[in-house]
Amino acid sequence: MRYEVIVIGAGMVGTSIAWHLQKKNSKVLLLDKKSPGSETSYGNAGLIQREAIHIHPFPRQPIELLKVLPNKNTDIRYRWPAVLRYRQALLGYWRFSAPSSVQKIEKEWQTLIEHCTSEHQKMITAAGVEELIRRDGWVEMHRTDDKFKTAVAAAKNAREQGIEHQVLSLAELKALEPNGNFDGFIGAIHWLNSWQVSNPGELVKAYAKSFRDMHGTIGESSVKKILPDGDGWQVITDNNFFYSDHLVVAAGPWSSELIKPLGYDLPLFPMRGYHQHFEATDQNAINHSLVDVDNGFVMGPMQQGIRITTGAEMALMDAAKDFGQLHAVLGFAKNILPLNDQVENEPWCGSRPCMPDMKPVIGASGKHDNLWFAFGHGHQGFTLGPITGRIVEELIHNQPLTVDVEPFNAQRFSKS
Ligand SMILES: Cc1cc2nc3c(=O)[nH]c(=O)nc-3n(C[C@H](O)[C@H](O)[C@H](O)COP(=O)(O)OP(=O)(O)OC[C@H]3O[C@@H](n4cnc5c(N)ncnc54)[C@H](O)[C@@H]3O)c2cc1C
């Protein structure tokens with residue numbers, strides 16, 4: 001079967017790309033080994049982060065590095081096989097985290113983030129899923145005076161970019177979330193124009209249904225090989241093969257493995273996270289996602305219960321689950337809310353697709369015509385899926401671009 005465009009990967013990024021292309025009358029096949037929104041875009045914290053104008057640099061101060069080394073932190077952990085496997089990417093991450101680079105990268109990053117809520121809104125309206133979205137922000141809770149003061153100053157500066165917040169005293173935090181025990185905290189920042197999704201996987205599925213309602217095709221099979229075929233592409237899966245004029249690789253943390261046989265060696269690396277749901281009760285009901293910044297975890301009100309989401313663990317994609325970080329986090333979380341009955345027997349884990357310069361790859365592959373890349377959105381791929389979808393549609397249809405894609409090009413690593 002021949003399509004105008006095949007998109008590999010039905011996470012938030014690939015589904016948004018397929019949606020935009022189909023809306024503009026392309027004949028699109030969205031291919032995934034699972035049903036849409038079943039991997040990283042299922043398990044995240046569900047925040048659409050308009051406030052995320054800052055990237056996540058590698059710690060560069062010796063004191064910060066020393067804190068990470070014992071590998072006991074709750075916000076970041078590492079495993080040696082992954083450190084060795086991704087050492088080049090990590091070195092790049094360290095280099096790009098120099099303050100002068102960070103400034104430039106953040107300006108480029110912000111050109112994407114500024115569109116996140118408006119682009120999600122178009123898809124939410126088309127999919128008719130207002131009930132999945134809460135628009136009353138999330139709460140960043142602080143335990144230490146210095147960090148809190150710095151965060152409040154940064155929040156004030158963020159107003160220049162239209163990002164609204166309210167600084168909360170401990171009493172105000174308690175009034176906002178009466179079920180919480182906030183002993184040990186000193187205050188919080190309530191980010192007002194970011195959104196909370198009550199079931200991230202369902203939002204992707206709803207976007208995929210909206211794509212199908214526009215006569216888009218969804219295929220469930222695992223892509224084994226992609227091959228140039230004349231001016232177009234052949235995609236071979238475990239049970240079929242397909243042809244297209246254009247091919248988009250949006251396979252999240254799996255993307256680099258798929259394109260390696262075509263001669264692309266992009267330094268994508270995974271940063272794992274875990275989640276566990278606890279039954280929601282009258283005693284632990286919360287109105288907003290609460291983030292314990294000092295311990296690096298999120299407590300979110302989800303349809304499945306209270307979802308506790310961990311920070312980052314550098315682990316190989318296929319490494320066995322290690323619940324050490326999650327258990328450490330639960331020690332803090334259970335002090336804040338009564339979390340008694342866990343919903344799943346085994347916690348979920350998945351990997352953020354990260355690039356050393358903390359920016360996604362969006363655009364032409366560079367070496368092959370009609371091959372497009374869209375992956376590496378790191379900590380904010382759920383937020384940035386829809387704007388990425390819009391840009392990729394504009395690129396393929398040769399339309400004026402909403403965002404300059406030069407900073408996100410796939411060739412930037414071969415140049416350096
Ligand atoms: C714990 C955690 C919390 C997070 N919290 C947030 C948050 O609050 N807000 C936010 O914006 N981001 C958050 N993120 C990041 C966000 O989840 C990711 O950046 C985003 O989901 C990536 O989307 P994606 O579509 O690129 O990848 P994915 O959702 O992983 O989709 C890739 C798809 O490709 C498919 N695929 C792979 N290989 C093949 C193949 N060979 N054949 C067929 N299909 C294939 C997979 O099955 C998968 O469905 C979080 C991540 C984690 C881990």
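Me: Which residues is His 377 in contact with, leaving aside its neighbours within four places in sequence?

Reply: With those neighbours left out, His 377 touches Val 13, Trp 109, Pro 353, Pro 360, Ile 362, Leu 384 and Thr 388; contact means heavy atoms within 4.5 Å. The model is a predicted one, where local features need pLDDT of at least 70, side-chain atom pairs need 80 or more, and totals for chains, interfaces and linings use all residues. Residues are numbered from 1 along each chain as its sequence is written, and side-chain values use heavy atoms, with hydrogens and water left out.

Me: Why is His 377 called buried?

Reply: Its relative accessibility is 3%, and buried means under 20% relative accessible area, exposed over 50% and partly exposed in between (1.4 Å probe, protein chains only). His 377 therefore counts as buried. It sits in the loop between β21 (371-375) and α13; helices (H or I, at least four residues) and strands (E, at least two) are DSSP runs, numbered from the N terminus.

Me: What makes the pairing of the His 377 and Thr 388 side chains a polar contact?

Reply: The distance is 2.9 Å. A polar contact is a pair of N or O atoms within 3.5 Å; within protein, one must be able to donate a hydrogen and the other to accept it, and residues adjacent in sequence count only if both atoms are side-chain atoms. The pair is listed as such a contact, made side chain to side chain.

Me: How do you know which side chains make polar contacts with the ligand?

Reply: An oxygen atom of the ligand is 2.6 Å from an N or O atom in the side chain of Asp 32, and a ligand oxygen is 3.4 Å from an N or O atom in the side chain of Asn 44. Both distances fall within the limit, so both pairs qualify. On the backbone side, a polar atom of Met 12 is 3.3 Å from a ligand oxygen. Taken alone the ligand exposes 1,000 Å², of which the protein buries 97% (areas by the Shrake-Rupley method with a 1.4 Å probe; for residues, only the protein chains shown count as cover).

Me: What makes a residue part of the shell around the ligand, and how many are there?

Reply: One of its heavy atoms must lie within 4 Å of the ligand. The count is 34 residues, with Asp 32, Thr 40, Ser 41, Gly 378 and Thr 383 the closest. The shell has 11 nonpolar, 19 polar and 4 charged residues; Ala, Val, Leu, Ile, Met, Phe, Trp, Tyr, Cys and Pro count as nonpolar, Asp, Glu, Lys and Arg as charged, and the others, Gly among them, as polar. At least two residues each come from α1 (12-23), α2 (40-43), β19 (348-354) and α13 (381-396).

Me: What is the largest nonpolar core made of?

Reply: It has 76 residues, and those with the most contacts inside it are Val 7, Ile 17, Leu 203, Val 248, Phe 269, Met 314 and Ile 391. Helix α13 supplies the largest share, 7 residues. Another core of 26 residues lies apart from it, including Ile 6 and Val 235. A nonpolar core is a set of buried Ala, Val, Leu, Ile, Met, Phe, Trp, Tyr and Cys residues joined through side-chain atoms within 4.5 Å.

Me: Why does Val 204 count as buried or exposed?

Reply: Its relative accessible area is 0%, so Val 204 is buried. It belongs to helix α10 (residues 200-213), and its contacts beyond four places in sequence include Ala 10, Met 12, Ser 41 and Phe 382.

Me: What makes the phi of Asn 71 and of His 215 worth a remark?

Reply: Most residues other than glycine have a negative phi. Asn 71 has a positive phi of about 65°, and His 215 has one of about 75°. Asn 71 lies in the loop between α3 (62-68) and β4 (76-78), and at 22% relative accessibility it is partly exposed. His 215 is in the loop between α10 and β10 (217-220), and its 68% makes it exposed.

Me: Why is Ser 97 called buried?

Reply: Its 5% relative accessibility puts Ser 97 in the buried class. Its loop runs between α5 (87-96) and α6 (99-113). A polar atom of its side chain is 2.8 Å from the backbone nitrogen of Phe 58.
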